[in-house]
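Colleague: I am new to this structure and would like to know what stands behind the terms used for it.

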Amino acid sequence: MQEQPEPAFAPGLTAQVELTVTDADTAQAVGSGDVPVLGTPRVLALAEAATVAATATGMPPGSTTVGTRVELEHLAPTVVGRTVRAQALLATVDGRRLSFEVTVSDGDQTVARGRVDRIMVDRQRFVERAGRVS
């Protein structure tokens, strides 16, 4: 009987990242609307950055994670100059699949919440395969 390797990550792992909103982060600037508030694509990018940060230090050599699924509710606007914080919590691990609960907040207010799923892959093999797709 062959022993299964220990999983690289366990539920409960967390990380957070922050962003001070600039004009370049607004819906107007990123093309997702015409209002000068934090754009949903930037909220999503911040949430994903938190999931990447959560796995950064424990990633096996030669591996990385890639996003596979996102559910995100953008609940409240954030104006230029405010600092938002995204927090990712690793909720479940199923082999190479990692599922994170994410929240983005502006002080005590929840700006967005959702789920980001990622899968662990061999970095080199993933990049090579991506280069062959036409």
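The questions below take up strand pairing, salt bridges and burial.

Modeller: This is a predicted model, in which local features need pLDDT of at least 70 and side-chain atom pairs count only at pLDDT 80 or more, while totals for chains, interfaces and linings use all residues. Residues are numbered from 1 along each chain as its sequence is written, and side-chain values use heavy atoms, with hydrogens and water left out.

Colleague: Why are strand 1 and strand 3 called paired?

Modeller: Strands are DSSP runs of E with at least two residues, numbered from the N terminus. Two of them pair if DSSP finds at least two bridges between them. Strand 1 (residues 14-20) and strand 3 (residues 83-94) run antiparallel and are joined by seven bridges, so they pair. Thr20, for instance, stands opposite Thr83.

Colleague: What makes Arg42 and Asp25 a salt bridge?

Modeller: The term requires a side-chain nitrogen of Lys or Arg within 4 Å of a carboxyl oxygen of Asp or Glu. The closest N and O atoms of Arg42 and Asp25 are 2.8 Å apart, so the pair qualifies. Arg42 lies in helix 2 (residues 40-56) and Asp25 in the loop between strand 1 and helix 1 (27-30), 17 residues apart.

Colleague: Why is Asp25 called buried or exposed?

Modeller: Buried means under 20% relative accessible area, exposed over 50%, and partly exposed in between (1.4 Å probe, protein chains only). Asp25 has 6%, so Asp25 is buried. Arg42 has 25%, so Arg42 is partly exposed.

Key
Helices (H or I, at least four residues) and strands (E, at least two) are DSSP runs, numbered from the N terminus.
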